[in-house]
Amino acid sequence: MESSRKARGTKTQEEQWMVENDVGQIYSSVSSIPPNAQSVFLEIRRDNHIQYLMHGLNNLGPSFSTLDANRPWICYWILHSIALLGDSLDEELEHSTIEFLSRCQDPDGGYGGGPGQMPHLATTYAAVNSLITLGGPKSLSSINRGKLRAFLLRMKDASGGFRMHDGGEVDVRACYTAISVASVLNILDDELTQNVGDYILSCQTYEGGIAGEPGSEAHGGYTFCGLAAMILINEVHRLDLPCLIDWVVFRQGVEGGFQGRTNKLVDGCYSFWQGGVAVIVQKLHSVICEQLGLSKVLDSECDSESYHDYETSDISDVEECTVETSCPLGGTCHRRKEVSFADIGVDFISNKRAIAPIFSSMHLQQYLLLCSQEGAGFRDKPGKPRDHYHTCYCLSGLSVCQYCSSADADSPPLARDILGPYSNLLEQLHPLYNLVLDRYYEAHDFFSKF
Ligand SMILES: CC(C)=CCC/C(C)=C/CC/C(C)=C/COP(=O)(O)OP(=O)(O)O
Ligand SMILES: [Zn+2]
């Protein structure tokens, strides 16, 4: 792996970038302002962001030509950003977005990058998450779940992994997008999950993070995908979690942002990919303690509403584990306990975050608000232009930061956990799907009827 440090005494790529872009200057000029005046700089420019996002969606018509094979993604980035900001579309725009996404749906299942295009797992994930974010019976019932399941099965590879599209590449992103849509639409079953865990496990590297394919380099995007998918198929205990945690905590840079992989620059979008991993592991205390050979903190110890009041305990309460039971489809099943796939997403949210945040949430919020936020929209880093992808994942990362210090999903964050004014508070999201939590619950209720 290439190191960014050229020779002793020279600057790393990261140090060079900080100097060139005046990142130290941005931070010190804000901290030299009296605290009561700082909030102007630390405020989320909510109205400006919404205006920028609405403009993007209004231009997503048949004449829209840039990123032509990615239009469901643009819908998702914009709709999810608007939902995180607590806003929604007017009826006409909502109707035309549902119509547009319906035209991207393939008659044989799945969604393509535009009307008439070949179905693809990434755009299927984007379209399904967009329709769930829009919510309501018209939007949710527009998804042909039976055909979608058939498409997912056609994309399944002999390795256990999934292919992005017919004849396309098999990777961890394909595994996650397939598992995420199947889980949220309540069509996940033993046939779809068979050997997916083996494939993802083969992508965890010596560094602890997860790569896109076996033998590649660990990366934040794939680590998020692999970890979330392993939870959704109830096989997360098979990953080396202490090693994964060790890797992710060292990905937060001195600027406060996260990098995607070792020796690369920080980028606002990794606030969600890596920040998402960091908050997901807060809920995995039981399996982490077991892997470390430690006793679990009793649930009763976790009744507090915030980590500021937490104390750990070494009281022995290790859960019994059932490993390698026989699988209805034959072979070995790596599930620990019989749980219904339909309940995993809801159970995940109702579990307490029994581990305190493993990254500096304040420092990440500082990077996002001062370095990634533009007058309207967000960017990777100073010097780069804003775009809808970074707006979506920077806002998702901010939401993750704002809620990560509350022990459970029902307790609102404390003012001290929000950088800037409390009016910066965004909607809470479900970190396994990256959907606003209320929209996830609506979809879960809707699809549990089938
Ligand atoms: C749900 C879904 C489709 C998830 C996708 C996850 C994701 C963001 C994967 C990243 C892929 C990758 C190796 C980027 C490296 O780009 P780079 O070399 O330009 O960036 P870097 O220098 O920051 O590594
Ligand atoms: Zn980025």
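**Around the ligand and the zinc ion**

Biologist: Welcome me in gently: which residues are around ligand 1?

Modeller: Gladly, and keep in mind that this is a predicted model. The residues around ligand 1 start, in chain order, with Trp 73, Arg 173, Tyr 176, His 219, Gly 221 and Tyr 222. The list is completed by Cys 225, Arg 261, Lys 264, Tyr 270, Trp 273 and Tyr 389.

Biologist: How do the residues of that shell divide into nonpolar, polar and charged?

Modeller: The shell includes Arg 173, Arg 261 and Lys 264, and Arg and Lys count as charged. Tyr, Trp and Cys count as nonpolar, while Gly is among the polar ones. The division for ligand 1 is therefore seven nonpolar, two polar and three charged.

Biologist: How far from an oxygen atom of ligand 1 does a polar side-chain atom of Tyr 270 lie?

Modeller: Let me set Tyr 270 beside two other residues of the shell. For Lys 264, a polar side-chain atom is 2.8 Å from an oxygen atom of ligand 1. For Arg 261, the separation from a ligand oxygen is 2.6 Å. For Tyr 270, the value is 2.6 Å.

Biologist: What percentage of the area that ligand 1 exposes when taken alone does the protein bury?

Modeller: Start with ligand 1 by itself, where the exposed area is 630 Å². Of that area, the protein buries 70%.

Biologist: Which helix gives the most to the shell around ligand 1?

Modeller: The elements that contribute two or more residues are helix 10 (172–184), helix 13 (220–232) and helix 15 (270–281). With three residues, the one that gives the most is helix 13.

Biologist: Now the metal: which residues are the protein donors of the zinc ion (ligand 2)?

Modeller: The donor atoms lie 2.1 to 2.6 Å from the zinc ion. In sequence, the donor residues follow the spacing D-x1-C-x120-H. Asp 267 appears twice in the donor list, through OD atoms, and SG and NE2 atoms complete it. The donor residues are Asp 267, Cys 269 and His 390.

Biologist: Is the arrangement of donors around the zinc ion tetrahedral or irregular?

Modeller: Four donors count as tetrahedral if all angles lie between 85 and 135 degrees. Around this zinc ion, the four donor atoms subtend angles of 55 to 120°. Because the lower end falls outside the tetrahedral range, the arrangement is irregular.

Biologist: Are Asp 267 and Cys 269 buried or exposed?

Modeller: A residue counts as buried under 20% relative accessible area. Asp 267 has 9%, and Cys 269 has 3%. Both values are under the cut-off, so Asp 267 and Cys 269 are buried.

Biologist: With which residue does the side chain of His 80 make a polar contact?

Modeller: His 80 sits in helix 5 (residues 71–84). At 0% relative accessibility, His 80 is buried. Its side chain makes a polar contact, at 2.8 Å, with the side chain of Asn 434.

Biologist: How many of the twelve residues of helix 18 are buried?

Modeller: The buried residues of helix 18 (residues 361–372) include Ser 361, Leu 364, Tyr 367 and Cys 371. Helix 18 is largely enclosed by the rest of the structure, because the number of buried residues is nine.

Biologist: Last one: what distance separates the C-alpha atoms of Tyr 393 and Tyr 176?

Modeller: Tyr 393 belongs to helix 19 (residues 388–403) and is buried, at 0% relative accessible area. Tyr 176 is one of the residues around ligand 1. The two tyrosines are 217 residues apart along the chain, and their C-alpha atoms are separated by 17 Å.

Definitions and conventions. Residues are numbered from 1 along each chain as its sequence is written. Chains are lettered from A and ligands numbered from 1 in the order in which they are written. This is a predicted model: local features need pLDDT of at least 70, side-chain atom pairs count only at pLDDT 80 or more; totals for chains, interfaces and linings use all residues. Side-chain values use heavy atoms; hydrogens and water are left out. A residue is near a molecule or strand if one of its heavy atoms lies within 4 Å of it. A polar contact is a pair of N or O atoms within 3.5 Å; within protein, one must be able to donate a hydrogen and the other to accept it, and residues adjacent in sequence count only if both atoms are side-chain atoms. Accessible areas come from the Shrake-Rupley method with a 1.4 Å probe; for residues, only the protein chains shown count as cover. Helices (H or I, at least four residues) and strands (E, at least two) are DSSP runs, numbered from the N terminus. Donors are N, O and S atoms within 2.8 Å of the metal (3.2 Å for Na, K and Ca); water is not among the atoms, so sites may look incomplete. Four donors count as tetrahedral if all angles lie between 85 and 135 degrees; four count as square planar and six as octahedral if opposite donors are over 155 degrees apart and all others between 65 and 115; anything else is irregular. Buried means under 20% relative accessible area, exposed over 50%, partly exposed in between (1.4 Å probe, protein chains only).
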